[in-house]
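Here are some points to keep in hand while looking through this model for the first time. They begin with the aromatic rings and then move to the sheet and the helices around it.

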Amino acid sequence: MTRATSRAATYNSADRALITGACSGIGREIATLLASRGHELVLVSQRPVELQATADVLTAEYGVRTHAIPLDLATTDAAGRLVAVLDERGLDIDIAILNAGLFFFGEVADVDPARAAAMLELHVVTPSLLAHHLGARMRTRRHGHILFMSSISAWGDFPGIAFYGSSKRYLRSFAATLRSELGVWGVNVTLVAPGATATPLFHGTPLEPGGAGRSSLADRFMGDPAFVAREAVEAMFARKAEVIPGLHWRVMAGLASVTPTWLIDRLRQHAPWLSRP
Ligand SMILES: NC(=O)c1ccc[n+]([C@@H]2O[C@H](COP(=O)([O-])OP(=O)(O)OC[C@H]3O[C@@H](n4cnc5c(N)ncnc54)[C@H](OP(=O)(O)O)[C@@H]3O)[C@@H](O)[C@H]2O)c1
């Protein structure tokens, strides 16, 4: 199938996929799923050894070509540097899974500014500029998918996660606009918004699966990253605008979006995990 005739197709295993945050959690599961469908993969995250190991496992298991590009995506002009490497190696990207993320608790007045800046760079600046660079190329070819990894925290404004929730809300708005802009050129944009999922994202936080002070009920409530990955990839190839994997998380997002501010303020006053005057 040529690039031109593939425009209307929803699925083409010859498409090359870029996945950021590919060596653990949801990103690794998406990489595995795409490898099992025969896609060549470009994997990006910070830890070179783990990243190369992930690439090697996927090549050995599924016989696909993989490229590992270790890069700190929370640094200035990370998107430009990544695109320069892709161009240098002649790697056109048909599917961009913009998934890399980090998480911390902390009120705005308390957070480490360097950590907050890294989150904004990683969740806002880098994916937006990757969408700019890769979206322009996909538009020229009239073919491609861009998937943004948001969160159900984008459906509400909760104390203690202002940087995280607001950055994920930004992605939701950005993806909706980009979807309109690129849709007319045959390029699909999908936003995925998982609820709490059992991954290393929460390492060192009160939400860490199996962590001290956690109930087994809370652990059971945590989603399976493989399930989130399946829902994400299915929604993307079905060219859906938005998906929240799991019915209970869809209900939670609905509730979060109608929670009145007075109730959030009340909860904030009594939250034992946040500081009080
Ligand atoms: N788990 C959840 O409950 C949940 C819920 C909603 C949304 N999400 C979103 O899902 C996405 C994936 O998270 P996850 O749960 O799968 O967590 P994870 O297992 O911790 O994966 C995060 C990935 O992002 C990469 N990453 C982090 N900082 C990076 C940086 N500065 N430069 C390059 N790569 C970096 C990590 O690579 P290294 O290991 O090399 O650092 C890792 O591969 C995130 O955007 C997260 O916000 C997760």
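**Notes on a predicted model**

1. In this structure, which is a predicted model, the count of aromatic pairs comes to 5. One of them joins F103 and Y164, whose ring centres are 4.9 Å apart and whose planes stand at 80°, so the pair is edge-to-face. Because F103 lies in the loop between β4 and α4 while Y164 belongs to helix α5, this pair ties together parts that are 61 residues apart in sequence.

2. F103 also pairs with F202, and here the ring centres are 5.1 Å apart with the planes at 80°, so this pair too is edge-to-face. The link again spans distant parts of the chain, since F202 sits in the loop between β6 and α6 (216-221), 99 residues from F103. Ring pairs link F103, Y164 and F202, together with F105, into a cluster. As for exposure, F103 is buried at a relative accessible area of 8%, F202 counts as buried at 6%, and Y164 is buried as well.

3. Turning to the sheet, the reader will find 7 strands in an open arrangement with parallel pairing, in the order β3-β2-β1-β4-β5-β6-β7. The strands at the edges are β3 (66-70) and β7 (242-243), each of which has a single partner strand, so one side of each is left without a neighbour in the sheet. Helix α3 (residues 78-88) packs on this sheet, where it touches β1 (17-20), β2 (41-45) and β3, and its direction makes about 145° with that of β3.

4. Strand β4 deserves a separate look. It runs parallel to β1, to which it is joined by 3 bridges, and L18 has A96 as its bridge partner in β4. With β5 (residues 144-149), strand β4 (residues 95-98) pairs in the parallel sense over 4 bridges; I95 is matched there with H145, and I97 with L147. Side chains in a regular strand alternate between the two faces of the sheet. In β4 both faces are covered, as I95 and I97 on one side and A96 and L98 on the other are all buried.

5. β4 and β5 also form a right-handed β-α-β unit with helix α4 (residues 113-141). Within β5, is H145 buried or exposed? At 2% relative accessibility, H145 counts as buried, and its side chain makes a polar contact of 3.0 Å with that of N188.

6. Finally, helix α5 (residues 162-183) lies across β5, β6 (187-192) and β7, and runs at about 160° to β6.

Note on methods. Residues are numbered from 1 along each chain as its sequence is written. This is a predicted model: local features need pLDDT of at least 70, side-chain atom pairs count only at pLDDT 80 or more; totals for chains, interfaces and linings use all residues. Side-chain values use heavy atoms; hydrogens and water are left out. Two strands pair if DSSP finds at least two bridges between them. Helices (H or I, at least four residues) and strands (E, at least two) are DSSP runs, numbered from the N terminus. Contact means heavy atoms within 4.5 Å. Axes are lines fitted to C-alpha atoms, for helices over the stretch in contact, and angles run from 0 to 180 degrees between N-to-C directions. Buried means under 20% relative accessible area, exposed over 50%, partly exposed in between (1.4 Å probe, protein chains only). A crossover is right-handed if, with the strands pointing away from the viewer, the path from the first strand over the helix to the second runs clockwise. A polar contact is a pair of N or O atoms within 3.5 Å; within protein, one must be able to donate a hydrogen and the other to accept it, and residues adjacent in sequence count only if both atoms are side-chain atoms. Rings of Phe, Tyr and Trp (its six-membered ring) pair if their centres lie within 6.5 Å; planes under 30 degrees apart count as stacked, over 60 as edge-to-face and the rest as tilted.
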